[in-house]
Amino acid sequence: MATLEATARRPEDHPVVTMTDIRIAHERIAPSIVRTPTLYSKTLSALTGANVWLKFENLQFTAAYKERGALNKLLQLTDEEKARGVIAASAGNHAQGLAYHGARLGIPVTIVMPKPTPTVKVQQTEGHGAEVIQTGERFDDAQATAYEIAAQRGLTFVHPFDDPAIIAGQGTVAVEMLEDVPQIDTLAIPIGGGGLISGCATAARAIRADIDVVGVQAELYPSMYAELNHVDLPCEGDTLAEGIAVKRPGNITREIVRALIRDVVLVSERGLEEAVSLLLQIEKTVVEGAGAAGLAALMAHPQRFAGRNVGLVLTGGNIDTRLLANVLLRDLARSGRLARLRIRLQDRPGALFNVARVFDEQQVNIIEIYHQRVFTTLPAKGLITDIECETRDSRHLDRLVKALTDHGYEVSRVELA
């Protein structure tokens, strides 16, 4: 049996996405999506040296912009295609957006996910009424299976980014931003497969020809960066920005980005963590790693954006709560508000009491204490104690370390990567 890959129109056969496509898409989907606000951030502007506006796409019903493209695609299906249903390979926001609007429109939705997909994402997708099939260890395995099932069942395959209808739907983000804040002269847009930046760049350039559109990718997955710069870079690793962890850009999106995007910058995992934490602390909004990529770019490349009127898209807020907790705690540790100190003691009565008195004198809260007597290179009567503690800031922590040293203790800090 021929697979869908062999019989379906390939992306390069589709027409180029135009501003007219995006305007029509906006009219088509507007009644059924949230017109999310674009708000100025005084504090982030002061921190980055740019004038920063945030587009809160994490306030969509499924907490991500992916709804826009999915809905635009669904609304253009024929009645026959709607009756048969659609299928997609996705482990994240595309799955939920397609499942939600498919259920709302009465269109059967099947989602193929890799086996390692977190249970919460499977449950959320099933909660919207989709059939979830888990297979393989990687996204490529899931996509291959999705193509096969599509051919067998006669389903319409809905690509997460390399489809003109998807790209046009995502471009409505920029339309709303520039309608709400016409003075925006720079957009910093996360890039995974390239659907969002392709749509946004097409719309933005049509509205304002001189606008600067900057792509942002995680250092671990620099696929579009490598394409533009004609270099071969590895794309692998556990990134916080799993929503943009794409090894190969789309065929359509690659060409649009080449035509419209001058610059793609890379951000580190630490930068992504800091950006997620800042958005929660300052804007009181939860974003996933990919959603914080734009802010991470402003912090990592301040000279690139200094003095500019920058629009950032908070693309999604679907982050695992345990992972979010880890990110916040790591940020506290890097800022000096949480610390683990390794202290060498003598293994005798009163040793721990005496060191605890120093913490009390410095008004530092002890959270956890770990004794290590066996797995150490110290003499048999030696003792290593790790003390996790909470301080007001890095200067408070420095005073504690100095006080311990002044009392004769050998102290070292257990640093984060």
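The following paragraphs lead through the sheets, helices, nonpolar cores and salt bridges of this structure. The model is a predicted one.

A suitable place to begin is the six-stranded sheet. Its strands form an open sheet in the order β1-β2-β10-β7-β8-β9, and the pairing is mixed. At the edges stand β1 (38-40) and β9, and because each has a single partner strand, one side of each is left without a neighbour in the sheet. Neighbouring strands of this sheet are turned against each other by 25 degrees on average, direction ignored. Within the sheet, strand β7 (residues 186-190) is joined to β10 by three bridges, and the two strands run parallel. As an example of this pairing, Leu187 has Gly311 in β10 as its bridge partner. Helix α10 (residues 195-207) packs on this sheet and touches β7 and β8. The direction of α10 makes about 170 degrees with that of β8.

A second sheet is made of four strands. This open sheet has the order β5-β4-β3-β6, with parallel pairing. Here β5 (131-134) and β6 (156-157) stand at the edges, each with a single partner strand, so one side of each is left without a neighbour in the sheet. Strand β3 (residues 86-89) runs parallel to β6, and two bridges join them. One residue of that pairing is Val86, whose bridge partner in β6 is Thr156. In general, strands of a sheet pair through backbone hydrogen bonds, either parallel or antiparallel.

The nonpolar interior comes next. In soluble globular proteins, nonpolar side chains tend to be buried together. The largest nonpolar core of this model has 34 residues, of which Leu54, Leu272, Leu279, Leu298, Phe305 and Leu312 touch the most other members. Strands and helices both contribute: β2 (51-55), β8 (212-218), β9 (263-267), α13 (269-283), α14 (293-300), β10 (309-313) and α16 (321-334) each supply at least two residues of this core. Leu312 shows how several parts of the chain meet. Leaving aside residues up to four places away in sequence, Leu312 touches Val52, Trp53, Leu54, Lys55, Met177, Ala188, Gly294, Leu295 and Leu298. Apart from this core lies another, of 33 residues, among them Val173, Ile184, Ile189 and Ala203.

Two further helical features deserve attention. The axes of helix α2 (residues 19-29) and helix α9 (residues 164-180) come within 8 Å and cross at roughly 85 degrees. That crossing makes α2 roughly perpendicular to α9. From α2, the residues Met19, Asp21, Ile22, Arg23, Ala25, His26 and Ile29 meet Ala168, Gly169, Gly171, Thr172, Val175, Glu176 and Glu179 in α9. Helix α4 (residues 66-75) is largely enclosed by the rest of the structure, because nine of its 10 residues are buried. The buried residues of α4 are Lys66, Glu67, Arg68, Gly69, Ala70, Leu71, Asn72, Lys73 and Leu74.

The charged side chains complete the picture. Side chains of opposite charge can pair when their charged atoms come close. In this model the count comes to 29 salt bridges. One of them lies within a helix: Arg258 forms a salt bridge with Glu255, the closest N and O atoms being 2.9 Å apart. These two residues are separated by about one helical turn, because they are three residues apart in helix α12 (residues 251-260). Arg258 is partly exposed, at 40% relative accessibility, and Glu255 is partly exposed as well, with a relative accessible area of 43%.

Other salt bridges link distant parts of the chain. Arg334 forms a salt bridge with Glu273, with the closest N and O atoms 2.8 Å apart. This pair connects helix α16, which holds Arg334, to helix α13, which holds Glu273, across 61 residues. Glu273 is buried, with a relative accessible area of 10%. Arg413 forms a salt bridge with Asp398, where the closest N and O atoms are 2.5 Å apart. In this case Arg413 belongs to strand β14 (residues 410-413) and Asp398 to helix α18 (residues 394-406), 15 residues apart. Arg413 counts as partly exposed at 36% relative accessibility, and Asp398 counts as partly exposed at 39%. Finally, salt bridges that share partners join Asp185, Asp212, Arg262, Asp263, Arg304 and Arg308 into one network.

Notes
Residues numbered from 1 in each chain as written. Predicted model: local features only at pLDDT ≥ 70, side-chain atom pairs only at ≥ 80, totals over all residues. Heavy atoms only, no water. Core = buried A, V, L, I, M, F, W, Y, C linked by side-chain atoms within 4.5 Å. Buried < 20%, exposed > 50% of the residue type's maximum accessible area, 1.4 Å probe, protein only. Contact = heavy atoms within 4.5 Å. Pairing = 2+ DSSP bridges. Salt bridge = Lys/Arg side-chain N within 4 Å of Asp/Glu carboxyl O. Axes fitted to C-alpha atoms, helices over the stretch in contact; angles between N-to-C directions. Parallel < 35°, antiparallel > 145°, perpendicular 65-115°, else oblique.
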